[in-house]
Amino acid sequence: MKVRQMIDTILLEARERGMSPLPGIFPMAEGSGFFGLAVARGDGAIGCLAFVRGEPEGAIFSDENGDLFGDKAVILVTRMDQFTLYEVKPDIAEALVMGCRVFDATRLRQGLSKAIPEIGVKSEGVGRLTVVLMKNHEPQQGVRLSIRKDGRVLGSDFTDGTGSAGFRLMHGDYECIVQDRSRQIRVFTLHFRENNQKILIEL
């Protein structure tokens with residue numbers, strides 16, 4: 001069975017947990033009881049990370065040029081943009097890892113949480129950030145938003161009738177975690193630079 005067919009077959013009985021760029025996938029998969037796959041697709045390629053007990057243990061990359069497994073697949077998988085996280089049965093995740101084990105798992109996380117310095121941009125200062133959540137130009141009420149930096153959640157709030165949630169933060173770059181009513185999780189990058197700044201997120 002080809003790699004893509006194998007992954008698609010596994011996903012038929014998998015439960016979707018959320019979607020995020022790779023840095024947001026790791027905290028979503030945390031926990032000793034989590035077994036699953038993070039799958040990304042694009043430009044005729046598919047990338048897959050296999051999680052066992054919350055840790056990325058295996059990697060697969062496949063495109064028209066062939067298939068790569070384990071450590072050889074890591075660099076190409078980490079370059080992919082958007083991943084969907086699926087929960088699968090433990091025996092399936094463990095069996096998959098046996099054929100694509102990553103022995104140097106630190107390579108998966110290298111550089112993902114490091115901020116790129118911006119010349120001429122000041123990061124100091126404290127202000128109020130308002131996040132406005134919209135979908136099809138309609139404000140989304142009652143959605144939980146969390147603000148995270150360097151893997152640590154700094155605050156959470158629910159959007160009001162105007163789709164807005166407010167946070168008091170130091171100026172800088174943050175991740176906004178959006179968990180909708182169906183419990184699907186999406187992660188957005190925010191650049192907070194001035195007091196009373198308002199940032200619109202369109203779902």
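Okay, let's start at valine 143. Leaving out residues up to four places away in sequence, valine 143 touches Leu133, Asp157, Phe158, Thr159, Val178, Gln179, Asp180 and Arg181. Before I go on, please remember that this is a predicted model.

So where does valine 143 sit? You'll find valine 143 in the loop between strand 8, residues 138–139, and strand 9. Is valine 143 buried or exposed? Its relative accessible area is 3%, and buried means under 20%, so valine 143 counts as buried. If you want a sense of distance, take glycine 36: that residue is 107 residues away from valine 143 along the chain, and 26 Å separate the two C-alpha atoms.

Now on to the sheet that strand 9 belongs to. This is an open sheet of four strands, in the order 10-9-12-13, and the pairing is antiparallel. At the edges we have strand 10, 152–158, and strand 13, 185–192; each has a single partner strand, so one side of each has no neighbour in the sheet. Going from one strand to the next, the twist averages 25 degrees. Strand 9, residues 144–149, pairs with strand 12, residues 172–179, through five bridges in the antiparallel sense. Look across from leucine 145 and you see valine 178 in strand 12.

Something packs on this sheet too, namely helix 2, residues 22–29. Helix 2 touches strand 9, strand 12 and strand 13, and its direction makes about 110 degrees with that of strand 9. How many of the eight residues in helix 2 are buried? Six of them, which makes the helix mostly covered. Those buried residues are Leu22, Gly24, Ile25, Phe26, Met28 and Ala29. Just past the end of helix 2 comes glycine 31, with a positive phi of about 125 degrees.

Let's move to another part of the chain, strand 3. Strand 3 covers residues 45–52, and eight of its eight residues are buried. Ala45, Gly47, Leu49 and Phe51 point one way, while Ile46, Cys48, Ala50 and Val52 point the other way, and all are buried.

Which strands does strand 3 pair with? On one hand there's strand 2, residues 35–42, paired antiparallel over eight bridges. On the other there's strand 4, residues 55–63, also antiparallel, joined to strand 3 by seven bridges. In general, strands of a sheet pair through backbone hydrogen bonds, either parallel or antiparallel. To find your way around, use leucine 37, which stands opposite alanine 50 in strand 3, and glycine 47, which stands opposite phenylalanine 61 in strand 4.

The turns are worth a look. Strand 2 and strand 3 make a hairpin with two residues between them, and aspartate 43 in that turn has a positive phi of about 55 degrees. Strand 3 and strand 4 form a hairpin as well, again with two residues between them, and here arginine 53 in the turn has a positive phi of about 55 degrees.

Last stop, a pocket. The second largest pocket has a volume of about 230 Å³. Its lining has 14 residues, and the closest to the centre are Arg41, Gly42, Asp43, Ala45 and Met80. Which strand gives the most to that lining? Strand 2 does, with three residues, and strand 2 and strand 4 each supply at least two. By class, the lining of this pocket has five nonpolar, three polar and six charged residues.

Conventions
Residues numbered from 1 in each chain as written. Predicted model: local features only at pLDDT ≥ 70, side-chain atom pairs only at ≥ 80, totals over all residues. Heavy atoms only, no water. Buried < 20%, exposed > 50% of the residue type's maximum accessible area, 1.4 Å probe, protein only. Pairing = 2+ DSSP bridges. Axes fitted to C-alpha atoms, helices over the stretch in contact; angles between N-to-C directions. Contact = heavy atoms within 4.5 Å. 1 Å grid on protein atoms, 1.4 Å probe; cavity = no way out; pocket = protein on both sides within 12 Å on 5 of 7 lines; lining within 4 Å. Points joined across faces, edges and corners; volume = space filled by probe spheres on them. Nonpolar A, V, L, I, M, F, W, Y, C, P; charged D, E, K, R; others polar.
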